[in-house]
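Visitor: Could you take me through one part of this protein closely, a loop with an unusual backbone, and then set that part against the rest of the chain?

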Amino acid sequence: MAKPVIAIVGRPNVGKSTIFNRIVGERVSIVEDIPGITRDRIYSAGEWLNHEFNIIDTGGIEIGDAPFLIEIRQQAEVAIDEADVIIFMTNGREGVTSADEEVAKILYKSKKPVVLAVNKIDNPEMREQIWDFYALGFGEPFPISGSHGLGLGDLLDEASKHFPKDAGDNYGDEVIKFSLIGRPNVGKSSLVNALLGQERVIVSNVAGTTRDAVDTPYSKDGQDYVIIDTAGMRKRGKVYESTEKYSVLRALRAIERSDVVLVVLDGEEGIIEQDKKIAGYAHEAGRAVVIVVNKWDAVKKDEKTMKEFEEKIRAHFQFLDYAPIVFLSAKTRKRTQTLLPMINKACESHNLRVPTNVLNEVIMDAIAMNPTPTHNGQRLRVYYATQVAVKPPTFVVFVNDAELMHFSYERFLENRIREAFDFTGSPIKIISRTRN
Ligand code: GDP
Ligand code: GDP
């Protein structure tokens, strides 16, 4: 199920990034600790009471040297296209400006709910300032202070009232939902065509001409699939093409609705930074992942080429070490028939539950083989492990003191679990809990 999306829009310097960072909080820095993941600051998960959502800071989307008004218009369009709710942010210390009115004009035309925030209201005496903002025509303005963290609760309460009631998909559990993500021109649409065996998606070598996104239901060998948001990664319009960050944004929506994510790379062009970003999001979302190297037909190769490319992938995408790699060609359809079985496998791993007794045997054997770490004379003791979730498989390990669990030891346990059970294509999570 996709989380609702909030976008923050407003002219420069009203405090959008400040608010974004407040709402996102600690999360960003935790996420950045995962080795190999480069992350955009413009999109992140947030939480308010029992609501989970994603939030976009459109101010982070820079459109090169575009004149101010064009830039702000494009940012507003991004928000309108991507968000369920828009927070329109203004500066209470400067009053309503003509740039605010420009933004307002664009937002009027959208059917998206807009919540008006007046920032930099750092103390109650300043509340008087908000009344002018009624003139923008979005109802009650919400006074906030990014610097002091004031008013955010009320603002998010209001925003969450506009979250879609049922953001869920109506596909049954037995249907495998997958998406193809990757930068423009790696061959996502061509690959979908190859899978569908017919020219259902219009492909062109001019980036950005693929039709709007639709879910494509599809059946093969008795298994139902839905291909999510296939072409949507390159929606019409220039904004979608002109910024790299933006294609990441599109991919995120697809990832969240998927069981399995195909990270598509261009074998001819090789791996670039943007591929890593996109792959990083797939990993973070906890989805099953298959890495696809497309355009293998166009690669000059000898018997070592595939192995070398594979090593390069493993080095660049260390965090995706569980993802199988498929080399294929959407154009010649070579090996495209291996893709669905791989998707099935990854999905099966993502849903795998292992019996508790066998799991504990594996863990205890692992500990016997490689003693637990010590810290300040204290040794980590592992009592018991249990699988608490699937999608992705999540294990809780009860220990004497969770602080004593090193990343490297956790990694070791994960590897032992992977050797004992087949989790190909799926991330697994290990959580250490202190139990006295
Ligand atoms: P953005 O361009 O809209 O993303 O704005 P920033 O978040 O970069 O903030 C612009 C400036 O306003 C920075 O110097 C912030 O420290 C300042 N600022 C942000 N929020 C507040 C606030 O609530 N009160 C005051 N006094 N300054 C703020
Ligand atoms: P998308 O932007 O990722 O959806 O990429 P497209 O499917 O539109 O493909 C971009 C370009 O790459 C088109 O010119 C395709 O014909 C070409 N292309 C796609 N797959 C292959 C392939 O397997 N081999 C070769 N040589 N070209 C391909």
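**Backbone exceptions in the loops**

Guide: In this predicted model, R333 sits in the loop between β12 (325–327) and α11 (339–350). Its phi is near 65 degrees, a positive value in a residue other than glycine. Most residues other than glycine have a negative phi, and most peptide bonds are trans. R333 counts as partly exposed, because 16 C-beta neighbours lie inside 10 Å, whereas a buried residue would need 20 or more and an exposed one 12 or fewer.

A second loop, the one between β15 (382–389) and β16 (394–399), holds P392, and K391 is placed in that loop between β15 and β16 as well. The peptide bond from K391 to P392 is cis, with omega near 0 degrees, and K391 itself has a phi near 55 degrees, again a positive value in a residue other than glycine. With 14 C-beta neighbours inside 10 Å, K391 also counts as partly exposed.

As for the rest of the chain, the protein has 13 helices and 17 strands, and 40% of its 436 residues count as buried. Among contacts between residues at least 6 apart in sequence, 72% join residues at least 24 apart.

Turning to ligand 1, 15 residues surround it, and the closest are G15, K16, S17, T18 and G146. Helix α1 (residues 16–24) supplies the largest share of this shell, with 3 residues, while by residue class the shell divides into 2 nonpolar, 10 polar and 3 charged.

How values were computed
Residues numbered from 1 in each chain as written. Chains lettered and ligands numbered in written order. Predicted model: local features only at pLDDT ≥ 70, side-chain atom pairs only at ≥ 80, totals over all residues. Helix = DSSP H or I, 4+ residues; strand = E, 2+ residues; numbered from the N terminus. Contact = placed C-beta atoms within 7 Å. Near = placed C-beta within 6 Å. Nonpolar A, V, L, I, M, F, W, Y, C, P; charged D, E, K, R; others polar.
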